[in-house]
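Me: I am new to this structure. Can you walk me through how to read it?

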Amino acid sequence: MADNKKMQQAKAVKNDEFYTEYGTISDEMGHYRKQFEGQVVYCNCDDPAWSNFWKYFHSNFGSLNLKKLIATHYRKDTEPSYAMIYEGGDDFNMSAGEVVPIKGNDGYNAGDFRSDACVGFLKEATVVSTNPPFSLFREYVAQLIEYGKKFIILGNQNAATYQDIFPLIKENMIWYGASIHSGGIDFRIPDDYEEYSSNVFVKDGKHYINLSGIRWFTNMDVKYRHDGLWHRNGKFDNTQAHCYYEGNEDKYNPDEFEIQTMTKTPIGNEYRMLIFDKQIQHNPNGTTQSVTKANDGAVVEITKPLHDKPYYSVQGKIYKAIYPRILIRNLHPVKKSEDIGY
Ligand SMILES: C[S@@+](CC[C@H](N)C(=O)[O-])C[C@H]1O[C@@H](n2cnc3c(N)ncnc32)[C@H](O)[C@@H]1O
C-alpha cells in the first residue's frame, strides 16, 4: 500500500478514537425523555466497559422507562467480542447485564456495526445512539436509514454537506439535535495520542481534545425545531421568484421553511441563478485562470477585488467563495425583508 494511503488510513483510525463525555450525552438526551419510554436502545460503537453512552442509558434506564439496552464492543483485530444486554433492575451498577459473545463475519471484525451479529441487534433496536467512527459516517447513516431506525448520533457538521447526507436533511429525514449549535466540545482521547495541537489538553492526567463543528444528528422530533427561526447569519431576499435565505441548517424550523437546495452541490436546477457562465479566477499574485469554481462551490457577490484571497469575475460582477449555504423557501412569505426584522 502506498505510504500516503497508509498514513491517511492511520489518521482516520486515530480520529475515530474520540470518546464522548457523559455531560455531552446527558445534555442532549434530556430533550427526548418522553420518546425513550418503552424503547430498545442500541449503542453499536460502544464498549460497555467504558462508554458513557452505556453509562448514561444504564443509569437512566428506570427514569427513562427503557425496555432494553444493548451495547456492542468493536474489536480492531479478528478476535471474538461481546455484546452487553441490560433489561433493568440495577441501574447504577454498570456491570449489571448479560454478556453475549459475538463474532465477525465476511471480513467484518467482531462488533463491526455491519456484521451479522450487530445487524441482528440493530433489527431488534428501536433507537440507536452513539458517536460512530467519523471515517464511516456515511455508511453508518445509510444503514440506519435502510433499517428505518430512530437515532441520535454525534457527527461533524460538515457531514450535512455530503452529497448523500444533504438530501436526507432536505427531505426532513435528519436534523440537528437540540443541545449543540456552536462552540467546541471536549472528547477524551487515548493517552498516547501523538498529535499535540493547540486543542489537545491534559486534565487530571487524562488527555482530551476540544473539537468545533460537532453536532448531534437525529430523526427524533425535538421542541426547539418548532420554536426557532433559521440561524440568522444570512440574507433573506424576497425579490426573487422564490424567497430564499442563505443560512446554515442549525435551528431549522420545518413549519416555517422548506429546504430547496445547497449552494455547494445544487440539486435539481430550481436555482439556476446559481449556475454561472465562464468565470475568471483572480489570484493574489496577479495571475488569472478560467475556472468553474463558482458553480462547484458557494460564492457571494463583492464590491471590491480581494488582495489576500482569490476572487472570481463573471459577466462584469465579482464574487468571493464562501462556505456552502442552504437555500430555503419561506412557507409563509412576507412582503419585505424588513417586516421580519432583518
Ligand atoms: C468516535 S469513537 C466513539 C466511541 C464511543 N461511542 C464514545 O462516544 O465514547 C468511535 C468508536 O467506534 C469504534 N469503531 C470503529 N470502527 C467501527 C465499526 N466498523 N463498527 C463499530 N465500531 C467501530 C472505534 O473503535 C471507536 O471506539
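The dialogue below takes confidence, the sheet, a hairpin and the ligand in turn.

Me: What average pLDDT does the protein have?

Reply: Start with the general idea. Where pLDDT is low, the coordinates should not be read in detail. This model is predicted. The protein averages a pLDDT of 82, and 73% of the residues score at least 70. Over residues 265-273 the pLDDT is below 50, though this stretch has 15 contacts in the model beyond near neighbours in sequence. Residues 334-342 also fall below 50, with 8 such contacts.

Me: Which strands stand at the edges of the open sheet?

Reply: Strands of a sheet pair through backbone hydrogen bonds, either parallel or antiparallel. Here an open sheet has 8 strands in the order β5-β4-β3-β2-β6-β7-β12-β8, with mixed pairing. β5 and β8 stand at the edges; each has a single partner strand, so one side of each lacks a neighbour in the sheet. Helix α3 packs on the sheet and touches β2, β3, β4 and β6. Its direction makes about 160° with that of β2. Within the sheet, β3 and β4 run antiparallel, joined by 4 bridges. Thr72 stands opposite Ala83 in β4.

Me: How many residues lie between β16 and β17 in their hairpin?

Reply: There are 5 residues between them. In the turn, Gly286 has a positive phi of about 95°. The two strands pair in the antiparallel sense over 4 bridges. Gln279 stands opposite Val291 in β17.

Me: Which residues are closest to the ligand?

Reply: The closest are Tyr19, Thr20, Cys45, Tyr74 and Asn131, in a shell of 19 residues. β1 and α3 are the elements that give two or more residues to this shell. By type, the shell divides into 9 nonpolar, 6 polar and 4 charged residues.

How values were computed
Residues are numbered from 1 along each chain as its sequence is written. This is a predicted model: local features need pLDDT of at least 70, side-chain atom pairs count only at pLDDT 80 or more; totals for chains, interfaces and linings use all residues. Two strands pair if DSSP finds at least two bridges between them. A residue is near a molecule or strand if its C-beta atom, placed from the backbone, lies within 6 Å of it. Ala, Val, Leu, Ile, Met, Phe, Trp, Tyr, Cys and Pro count as nonpolar, Asp, Glu, Lys and Arg as charged, and the others, Gly among them, as polar. pLDDT is the predictor's confidence in each residue, from 0 to 100. Two residues are in contact if their C-beta atoms, placed from the backbone, lie within 7 Å. Axes are lines fitted to C-alpha atoms, for helices over the stretch in contact, and angles run from 0 to 180 degrees between N-to-C directions.
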